[in-house]
Amino acid sequence: MKKNIRNILSGGLLGVAMAGMLTGCSENYLNVAPETDINSESVVATTKAARLLVRGIASAMNTQYGGAGAQIYSGEGYVNAQYNDGNGMDFLNGYVLRSAEVANWDPWGNNRYYCVIIPWNYCYNIIMRSNAVLDGIDNAEGPEAERKFIKAQALTFRAHAYIKLLQWYAPRWEDSNNGETYCIVLRTKQNTEELPLSTMKEVKDQLYNDLNLAIQLYDESGLTRDYKWETDKSVACGLYSRAALIFHDWDVAQQMAAEAQKGYQVMDNNTLFAGFYKDNNDFIWETGAEASDVYYWSFGSQFACNGAYPQAWQYGAGAISMALYNQLDPNDVRRKWFLTPDKIGTIQGVTNQGKVDNTSCFKASFINSAKGIIDIASGDAYDRKKPAGTTGLVNYIAFYGKYYMENIFTGSLPEVMGANTGQGIYAAYFTQGSASDLQSYPVKFPIATGTYAAVQTTPLGAQYKFWSYAPYGTSNYPIFRCAEMVLNEAEAAYMAGSETVAKACLEKINKLRIPGYTCTTSGQALLDEIRLCRRIELWGEGQSWSDLKRWNLPCVRYAWKEGDLNSGNVSVGCSMIRQPHEQAGWRLSVPYSEIDFNKAIDESLLPSTAEYTKAQKPE
């Protein structure tokens, strides 16, 4: 997508004036009156213009926001990583965990804090851009088929944003008094009219109406999308499935998940290790991958194992919770994605510089947790003076990265490492240069022999699932894929009483990932197995926190205990237990910007400050 498409709309709307977002990561909020600069009658005069506007919505999901002192963020990948995965318990995000206050959800009751402002701004930006198209498309000059297709796309984008808002700002459906609880503002016109809060049921009804109409219009138009960062019928059905899971409409969720899968296929294991930065037939909806859209604020730049941000700012690129990892079948191929103590046996003998010593490396006090994560690249394990044959964790990090890139990774090394043969090589958790810490043989890439490897901050459980194009970290980030729809279908079928369908769906994925797998469970054990498969298959894809909320299960992060390889892998300050009834039922505060400018909101309908509680610590 080109910048000129993205800049057609500035998306002025209530609570989304980007200049007024906030200053830094504090509670200081710059109040700027909202404004709208979109005249729907003029900018949607033709279907050609409307098509550009719709593509601008897609671009708004993958672009940089903020600046001039404001908190910077970038679209779908960022909000998923920070607010769904970062707030969950399976994807240990160094950006979130660097602050125990943020990691423990403490700011959620503060409606001026960036944690609660960014998701609201992001979603209403999409909604108001969609409304600008919808307000004018019926009168746009052009073929009727194009009008129908464009209208369907705008309805689909709007539905996506409302689903996100329900995940973050609404209660669980079972806690909503049959949908009568007030939660968010329902805007269906492109203006800044003062509107009261709507109930969860009102939002549900609007969502279902929008998606039903979108599916009808897609069929009637007979047209198809040009790019996967646009929407089509399969995307509308997939979003319908997501929404129906929130509302426990199991039959609808199952039906729509099955419909969304048509024409797509769960990726095979070869594709599983290709880095998740390129399109494949498992990706149903994805972001674009042009560097001109986001540069260093892309998802990959911040969260890919070869990303520029983990290399430069030393926060790591995310790690799996050891509590999740230890539940996986020993033969599960997805275990290869993670740097865990059991990988020591994998790299024995792959280096001529001596072997990593045994797992006692991981028991020592030198493992540093100052950044919230457990950084295994710190302390005495980094000692380069150890004799050959007993080299510590620095070898373990560098050589598993080398081993992974040469023996497991199936993507293109030139694409992810970059063309530079000197400085600026984008490798996984290590760099290569002339004055580094560990002499190594180069990875299969045109780097001069005799170069050295220097390890970066590397979390215990560091991930190799997500890679990105060098140097900007761009990628075709999967908004959702066929595998999610298979798991949606499995869960919905089970809840609707069809264990046979649920087992068949589960086997569709696990037979690929676990050699010899057959589903033999039933009852609660089957549901637990479906959930476990979902947690690992969709790891890092923006599902963790919202799934726990939907399942009514606590969020638990276990702390690292010195000398205990069976402990967790976050610092003590970032360990926590959050029960589903806490934090106002896991609801973000409606931002002050919306309340201040929208006088129709009755604050008494929102959770009180007292409902936001401190986190407990696990045993």
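Which helix gives the most to the lining of the largest pocket? Select α22, residues 523–537. With 4 residues, α22 gives the most to that lining. Keep in mind throughout that this is a predicted model.

**Stop 1: the largest pocket**

Show the pocket around α22. Its volume is about 250 Å³. The lining has 15 residues, and the closest to the centre are Met89, Gln327, Arg535, Leu548 and Leu553. Show those five as sticks. Now add α23, residues 544–551. Both α22 and α23 supply at least two residues of the lining. Colour the lining by class: 9 residues are nonpolar, 2 are polar and 4 are charged.

**Stop 2: from α22 to α20**

Keep α22 on screen and select α20, residues 482–495. The two axes come within 10 Å and cross at roughly 165°. The cut-off for roughly antiparallel is over 145 degrees, so α20 is roughly antiparallel to α22. The crossing of α20 and α22 is left-handed.

Next, show the side chains in the contact. From α20, pick Ala483, Glu484, Leu487, Asn488, Ala490, Glu491, Tyr494 and Met495. From α22, pick Gly523, Gln524, Leu526, Leu527, Ile530, Cys533, Arg534 and Glu537. By class, the residues of this contact divide into 9 nonpolar, 3 polar and 4 charged.

**Stop 3: from α20 to α21**

Hide α22 and bring up α21, residues 499–513. The axes of α20 and α21 come within 7 Å and cross at roughly 155°. That angle makes α20 roughly antiparallel to α21 as well. The crossing of α20 and α21 is left-handed.

On the α20 side, select Ala483, Val486, Leu487, Glu489, Ala490, Ala493 and Tyr494. On the α21 side, select Glu499, Val501, Ala502, Cys505, Leu506, Lys508 and Ile509. How many residues of each class make up the contact of α20 with α21? There are 11 nonpolar, no polar and 3 charged residues.

Ala483, Leu487, Ala490 and Tyr494 of α20 deserve a second look. These four residues take part in the contact with α22, and they also take part in the contact with α21.

**Stop 4: the largest cavity**

Switch to a cavity view. The whole structure holds 9 cavities of 30 Å³ or more. Go to the largest, with a volume of about 210 Å³. Of its 19 lining residues, Gln167, Leu245, Ile246, Ser546 and Arg550 are the closest to the centre.

Which elements each supply at least two residues of this lining? Select α8 (144–169), α10 (233–246), α20 and α23. The largest share comes from α23, with 4 residues. You met α23 at the largest pocket, where it also supplies at least two lining residues. Colour the cavity lining by class: 6 residues are nonpolar, 5 polar and 8 charged.

**Stop 5: the second largest cavity**

Move to the second largest cavity, which holds about 70 Å³ of space. It is lined by 14 residues, and those closest to its centre are Asn62, Thr287, Phe299, Ser475 and Tyr477. Two elements give two or more residues to the lining: α4 (75–85) and α14 (299–303). The lining divides into 4 nonpolar, 10 polar and no charged residues.

**Stop 6: α4 against α7**

Stay with α4 and add α7, residues 114–136. The helices pack at an angle of about 145°, with axes 11 Å apart. α4 passes α7 in a left-handed crossing.

Select Gly75, Glu76, Tyr78, Val79 and Tyr83 in α4. Opposite them in α7, select Tyr114, Cys115, Ile118, Pro119 and Tyr122. This contact has 8 nonpolar, 1 polar and 1 charged residues.

**Stop 7: two backbone details**

Finish in the loops. Most residues other than glycine have a negative phi, and most peptide bonds are trans. Two places go the other way.

Centre on Pro471, in the loop between β10 (462–463) and β11 (478–481). A cis peptide bond joins Ala470 to Pro471, with omega about 0°.

Then jump to Asn178, in the loop between α8 and β2 (182–185). Is its phi positive or negative? The phi of Asn178 is positive, about 55°, although this residue is not a glycine.

Notes
Residues are numbered from 1 along each chain as its sequence is written. This is a predicted model: local features need pLDDT of at least 70, side-chain atom pairs count only at pLDDT 80 or more; totals for chains, interfaces and linings use all residues. Side-chain values use heavy atoms; hydrogens and water are left out. On a 1 Å grid over the protein atoms alone, a cavity is a set of points where a 1.4 Å probe fits but cannot get out, and a pocket is an open set with protein on both sides within 12 Å along at least five of seven lines; lining residues have an atom within 4 Å of a point. Grid points are joined across faces, edges and corners, and a volume is the space filled by probe spheres set on the points. Ala, Val, Leu, Ile, Met, Phe, Trp, Tyr, Cys and Pro count as nonpolar, Asp, Glu, Lys and Arg as charged, and the others, Gly among them, as polar. Axes are lines fitted to C-alpha atoms, for helices over the stretch in contact, and angles run from 0 to 180 degrees between N-to-C directions. Angles under 35 degrees count as roughly parallel, over 145 as roughly antiparallel, 65 to 115 as roughly perpendicular and the rest as oblique. A crossing is left-handed if the near helix is turned anticlockwise from the far one by less than a right angle, and right-handed if clockwise. Contact means heavy atoms within 4.5 Å.
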